[in-house]
Amino acid sequence: MFRPLPRNDQGCGWLTSLPPRQPRPALQAEQQADLVIVGAGYTGLAAARHYALLNPQAKVILLDGQLAAEGASARNSGYLVDSTLNDGHMSANGLQQYRDKYALNKAGLDCVAELVQAHQIDCDWDASGKFHATAVPAHEAKLERFSRLLGELELEHKMLTGADLQQRLGTSYYSSALWTQGGVMLQPAKLGRAYIDLLPDNVCLCENSPVLHWESQSRRVRVVTPLGQVTAGKLLLAVNGFMAAGNIKRKRAFPLTLTASMTRPLNAEEYDAIGKPQPWGVLSAQAMGATVRLTQDRRLMVRNTVEVWPRINMTGRQLMRRQAIHERGLQRRFPQLDGRLFESLWSGVTCISGNNAQIFERLQPNVMVAGCYNGGGIGLATLFGQQMAHMASGQMTDTIAQIQARPQATRLPPQPLLGWGVRMRLLRDRILARKES
Ligand SMILES: Cc1cc2nc3c(=O)[nH]c(=O)nc-3n(C[C@H](O)[C@H](O)[C@H](O)COP(=O)(O)OP(=O)(O)OC[C@H]3O[C@@H](n4cnc5c(N)ncnc54)[C@H](O)[C@@H]3O)c2cc1C
């Protein structure tokens, strides 16, 4: 049983800036397939395409409860990353673990880059790197440790402070930043749309088809939606933040609800007022700090809330209340701009485990699950989706071995302890990041 079902708000600025498209018909009546996939975000779309290409005679049915690629895969901040912030200062063992993590992220980045290149995908690709920044001098030591770690890995990076930093970002808010060369900024909803367009003919995408429940009987699986059902040889669950809602890996992964706002494009006067910087993306040096971007079309995006939300998707009045927090984040960084420039506001759901490990598993001989990428899912979801297609085709690959060698998601405490624990941790992080939100 899946409960709650996904329910997207309509405010995502990445989506509203795209032309509307005709949804694919919902699943009707009884259908047969070789592979059925639940969830059409980057994971499900990448898996469907790759499986269909590997098995051209096979029929794949891909189901989404909402519109495909309009969940987290459209609502994220658009950072396609190889390196992730680390406190540095590691033992040889810790350094090797970071190297392995980096290698997997890099493989994810490369597989998105290959698709973008091969199919000339227009997703505002910007390979100018990313910034990890802080406004709190006490956090600068963390960036310095991270810099030493990147140095050990021979990854190109640079520390920026003072006027150089202010000129690059157009704000004097941050006291210091570490720029890493590896890292791409993109328009996430454009990438998701492209993944839909790349589906081969032997994939049938059914939208607005929430899966109510699924069951597996000996060699067949059955999934049920309000208007139809599919019987298939294999099932891939790619619902990410809705895993726990479907009672999948509930003891290992849980959802977090994030919110963001985006301004209209700055006009010439406003752009001038911030010093006409090139586009950039800033990640906070502090967990729970704000993620902020200046896009190619001169919009500013602020994502600075993370919560445990019982219904998973946040809509209506609760969502509206978060905009004031985004406005404060904008004003702190750009007091010269009107804080009410935001024209879009949305929530998105991400999936996280206790030790930041991802999930890539065979639950039963013919049922597989992939997801739980925390804030790093653009590359990993594409990679894991493709590798799941190999696994479902009975093929072992070096990348599957690489994924399986990573630490498994640790067991979480039972509810309500888990909910309390996560809320306490988020509260602590929020207090520590109060000057960075
Ligand atoms: C605000 C925000 C910012 C982020 N920023 C970044 C970033 O900058 N960089 C990065 O790499 N990652 C980022 N992430 C994470 C990234 O977006 C996700 O890891 C990635 O999109 C996961 O893709 P997915 O296909 O596994 O899941 P999703 O995109 O969540 O897709 C799952 C799909 O399953 C569907 N579904 C759920 N339940 C059912 C059901 N019962 N029946 C049918 N369908 C169902 C949903 O409708 C959804 O479309 C961010 C996430 C959020 C929310």
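Start by selecting R322, H326, G329, L330 and R333 in helix α9: these residues are buried (20 or more other C-beta atoms lie within 10 Å of their own; 12 or fewer counts as exposed, anything in between as partly exposed, with C-beta atoms placed from the backbone). They sit on the same side of α9, because they cover an arc of only 100 degrees around the axis, the arc being that of the directions from the helix axis to the C-beta atoms. Swing round to the other side of α9 and you find R317, M320, R321 and A324, which are exposed.

Before you go on, a word on what is loaded: this is a predicted model, where local features need pLDDT of at least 70, side-chain atom pairs count only at pLDDT 80 or more, and totals for chains, interfaces and linings use all residues. Residues are numbered from 1 along each chain as its sequence is written.

Now show all of α9, residues 316-333: its 18 residues should span 26 Å at 1.5 Å a residue, and the end C-alpha atoms are 27 Å apart, which agrees. (The expected span is 1.5 Å times one less than the number of residues; helices are DSSP runs of H or I with at least four residues, strands are runs of E with at least two, and both are numbered from the N terminus.) To see what covers the buried residues of α9, add strands including β12 (253-263), β14 (291-294), β15 (300-307) and β16 (342-353). Covering here goes by contact, meaning C-beta atoms, placed from the backbone, within 7 Å.

Next stop, the ligand. It is surrounded by 43 residues, and the closest are G39, G41, N76, G348 and G377 (near means a C-beta atom, placed from the backbone, within 6 Å). Colour α2 (42-54), α3 (72-75), β12, β16 and α10 (377-392), each of which supplies at least two residues of this shell. By class, the shell has 20 nonpolar, 20 polar and three charged residues; Ala, Val, Leu, Ile, Met, Phe, Trp, Tyr, Cys and Pro count as nonpolar, Asp, Glu, Lys and Arg as charged, and the others, Gly among them, as polar.

Zoom out and colour by domain: domain 1 is 13-75 + 190-253 + 356-422, and domain 2 is 125-184 + 255-354 + 423-432, with bounds from an automatic or database domain assignment. Both domains give residues to the shell around the ligand, so the ligand lies between them. The domain centres, taken over C-alpha atoms, are 29 Å apart. Their contact takes 26 residues from domain 1 and 17 residues from domain 2. On the domain 1 side, α1 (13-16), α3 and α12 (417-432) each supply at least two residues, and α12 gives the largest share, four residues.

Then pick α4 (92-118). This helix has 27 residues and reaches 38 Å from first C-alpha to last, close to the 39 Å expected. Its buried residues include Y102, L104, N105 and G108, and their cover includes β3 (79-80), β7 (184-185), α10 and α11 (398-404). Just past α4, click Q120, whose phi is positive, near 50 degrees.

I121 is in the loop between α4 and β4 (130-134). I121 is partly exposed, with 18 other C-beta atoms within 10 Å. Leaving aside neighbours within four places in sequence, I121 is in contact with L115, V116, L191 and A194.

Finish at D201, in the loop between α7 (188-197) and β8 (203-206). D201 is exposed, with 7 other C-beta atoms within 10 Å. Draw a distance from D201 to G182: the two are 19 residues apart along the chain, and their C-alpha atoms are separated by 35 Å.

Terms used: Contact = placed C-beta atoms within 7 Å.
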